[in-house]
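Student: I'm new to this structure and would like a close look at just one part of it. Could you pick a pair of helices and walk me through how they meet?

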Amino acid sequence: MNLTTTMPSQKKLNSWITIGSFDGVHIGHQALIKELVAQAQKSNSQSVVVTFWPLPATVFKRAPLAWALTSPEERKALLLSLGVDQVVTLDFNQSLADLTAERFLQRLDDNFNIAGLLVGPNFALGKNRLGTVEKLAEIGREMFFELKVLEPFATNQGMVSSSRIRADLGNHDVRAAAEKLGRPYRLTGKVVHGEHRGTGLGVPTANLEAMPERMIPANGVYVTRALVNNKAYASVTNIGVRPTFENPLPTPRVEPHILDMQDQLYQQELSLEFFEYLRPEIKFANAQELVAQIQKDIARTREICPIDCVNG
């Protein structure tokens, strides 16, 4: 099995395991992980999350490349923060996809001595998704591990899923996405050089280069919080192609204007947390009208998060 992390040699420890993409580590995932940790502690076992990168949906072309709500590193940190003992990230490729559920679980058992497997009711594992819950129960009896099926997590607004969060982000609804995630949606990347148009207009922006697998919220202007050098700043972020100028960009860029900060950030890591959608990206008659609107966006940002965006 080709792993992006080293498989620990801890056969002597029993393990409660859950398996999945866990993209976003949203509140539904968090409920499942909480139960996993509880089951492991109850049986004096370690808790192990087995996950994948790249996301299987992108490998099978069921989703575009820019689909992930978290990077592998962000996802691992979030899972560990919930009390998980081990996060194992498997390199998802055709060889792994061709394993049957029985063979996949046997390999995990060789390394982790499975005491229990926790899954959702619609979970399926292995080649052609033949490892249904019913099949996993049969395998569990043969391999002497317990299978526990946890009901899906829902709120008053319905089921919580990574797909619904992606739909929220695609519809500018970053508030709804944050409710499902249990935190604001975050996008992290390096600050790279652009054309410096913002600097020429008196409203300098950082050009955020996110990893290509990350989902970008729909084009528009957002109230965001910028996190850089262990400090937080209110910011106004434009996602789009800058239609006011000649030769609009071929693909959208993420360009935050960070309030009350003048530092040069090139090649530094910057994270943006999305708080609220302000308006669509539109073509203005000239640069002066654009700057006037940006000043309104800045004023609105200060109204929305004079404290929360900076100290939250």
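Tutor: Let's start with the whole chain and then zoom in on one helix pair. Keep in mind that this is a predicted model. The chain has eleven helices and 13 strands, and its C-alpha atoms fill a box of roughly 70 × 35 × 35 Å along the principal axes. Of its 312 residues, 48% are buried.

Now for the pair: helix H7 covers residues 162–170, and helix H8 covers residues 174–181. They pack with their axes 7 Å apart, at an angle of about 160°. Angles over 145 degrees count as roughly antiparallel, so that is how H7 and H8 lie relative to each other. As for handedness, H7 passes H8 in a left-handed crossing.

Which residues do the touching? On the H7 side, look for Arg164, Ile165, Asp168 and Leu169. They meet Val174, Ala176, Ala177, Lys180 and Leu181 in H8. Sorted by type, the residues of this contact come out as six nonpolar, three charged and no polar. The spacing of such residues has a simple background: an α-helix has 3.6 residues a turn, so residues three or four places apart point the same way.

For another helix to look at, try H1, residues 27–42. Its 16 residues should span 22 Å at 1.5 Å a residue, and its end C-alpha atoms are 23 Å apart, which agrees. Among the buried residues of H1 are Leu32, Ile33, Leu36, Val37 and Ala40. After H1 comes asparagine 44, with a positive phi near 55°.

Notes. Residues are numbered from 1 along each chain as its sequence is written. This is a predicted model: local features need pLDDT of at least 70, side-chain atom pairs count only at pLDDT 80 or more; totals for chains, interfaces and linings use all residues. Side-chain values use heavy atoms; hydrogens and water are left out. Helices (H or I, at least four residues) and strands (E, at least two) are DSSP runs, numbered from the N terminus. The expected span of a helix is 1.5 Å times one less than its number of residues. Buried means under 20% relative accessible area, exposed over 50%, partly exposed in between (1.4 Å probe, protein chains only). Axes are lines fitted to C-alpha atoms, for helices over the stretch in contact, and angles run from 0 to 180 degrees between N-to-C directions. Angles under 35 degrees count as roughly parallel, over 145 as roughly antiparallel, 65 to 115 as roughly perpendicular and the rest as oblique. A crossing is left-handed if the near helix is turned anticlockwise from the far one by less than a right angle, and right-handed if clockwise. Contact means heavy atoms within 4.5 Å. Ala, Val, Leu, Ile, Met, Phe, Trp, Tyr, Cys and Pro count as nonpolar, Asp, Glu, Lys and Arg as charged, and the others, Gly among them, as polar.
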